[in-house]
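Colleague: I would like to learn how to read a model like this one. Could you take me through it step by step?

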Amino acid sequence: MSTFSIFLVLITIVCFLLVVVIMVQNPKGGGLSSSLGGSTQIGGVQKTTDFLDKSTWTLAAILIVLILLSSLSFGGSLGESDSKIIDKTETPASSTTTPAAPVQNAPVGTTPAK
């Protein structure tokens, strides 16, 4: 399993958690905080709202960091030798060699001209 695949799974999990936390909240003051009752409970309504707000920002920050790290890991894998253009340009250059001096074959029994 590649590094990019691991980041992809982590990003998916964080996105799911972020959707759940956002759906629990209610912008009009309802949601999970209104179903817990009055402020006389141990957690209280204000504490629940603060927890949901902090968890939303934390999950959003984790998501941004994971996305940046996954883009770095994805960019590093392409730079190795996966490009077909680079392979095509290197192949002809490495296969052409020129001899130092041409070799002439003289017939047997004759001397070369000077």
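Colleague: Let me begin with a single residue. Is L10 buried, partly exposed or exposed?

Modeller: Good place to start, and please keep in mind that this is a predicted model. The idea is to look at relative accessibility: under 20% is buried and over 50% is exposed. L10 has 37% relative accessibility, so the residue counts as partly exposed. You will find L10 in helix α1.

Colleague: Which helices and strands should I look for in the whole protein?

Modeller: There are four helices and zero strands. Read along the sequence, the pattern is α-α-α-α.

Colleague: How much confidence does the predictor place in the protein, and where is that confidence highest and lowest?

Modeller: As a general idea, where pLDDT is low, the predicted coordinates should not be read in detail. Here the mean pLDDT of the protein is 73, and 47% of the residues reach 70 or more. Confidence is highest in α1, at a mean of 92, and lowest in helix α2 (residues 32-35), at 55.

Colleague: Now the interior, please. Which residues make up the largest nonpolar core?

Modeller: For a core, you look for buried nonpolar residues whose side chains are joined. In this protein the largest one has nine residues: F7, I11, V14, L18, V21, L52, L59, L63 and L66. Two elements, α1 (3-24) and α3 (44-78), each give two or more residues to this core. The largest share, five residues, comes from α1.

Colleague: What does one of these core residues touch? Take L18: with which residues is it in contact, leaving aside neighbours within four places in sequence?

Modeller: L18 is in contact with T56, L59, A60 and L63. Two of those names, L59 and L63, also appear in the core list.

Colleague: And S70, is it buried or exposed?

Modeller: Use the cut-off again: S70 has 7% relative accessibility, so it counts as buried. S70 lies in helix α3, and beyond its neighbours within four places in sequence it is in contact with F4, F7 and I11.

Colleague: What about S71, is that residue buried, partly exposed or exposed?

Modeller: S71 is also placed in helix α3. At 41% relative accessibility, S71 counts as partly exposed.

Colleague: How far apart are S71 and F7, in sequence and in space?

Modeller: It helps to compare the two kinds of distance. S71 and F7 are 64 residues apart in sequence and 9.3 Å apart in space, C-alpha to C-alpha. For L8 and I67, the values are 59 residues and 8.5 Å. L10 and S70 are 60 residues apart, with 10.0 Å between their C-alpha atoms. Across the protein, residues 24 or more positions apart account for 71% of the contacts with a separation of 6 or more.

Colleague: Let us turn to the outside. Which residues form a nonpolar patch on the surface?

Modeller: M1, I6, V9, L10, I13, F16, L17 and V20 form that patch, and together they have about 790 Å² of accessible area. You have already met one of them, L10, in helix α1.

Colleague: And how much surface does the protein expose in total?

Modeller: The protein exposes about 9,500 Å², and carbon and sulfur atoms supply 68% of it. Of the 114 residues, 14% count as buried.

Note on methods:
Residues numbered from 1 in each chain as written. Predicted model: local features only at pLDDT ≥ 70, side-chain atom pairs only at ≥ 80, totals over all residues. Heavy atoms only, no water. Core = buried A, V, L, I, M, F, W, Y, C linked by side-chain atoms within 4.5 Å. Buried < 20%, exposed > 50% of the residue type's maximum accessible area, 1.4 Å probe, protein only. Contact = heavy atoms within 4.5 Å. Areas by Shrake-Rupley, 256 points an atom, 1.4 Å probe, with all protein chains shown as cover. pLDDT = per-residue confidence, 0-100. Patch = residues over 30% accessible without salt bridge, like charges linked within 9 Å, V, L, I, M, F, W, Y side chains within 5 Å. Salt bridge = Lys/Arg side-chain N within 4 Å of Asp/Glu carboxyl O.
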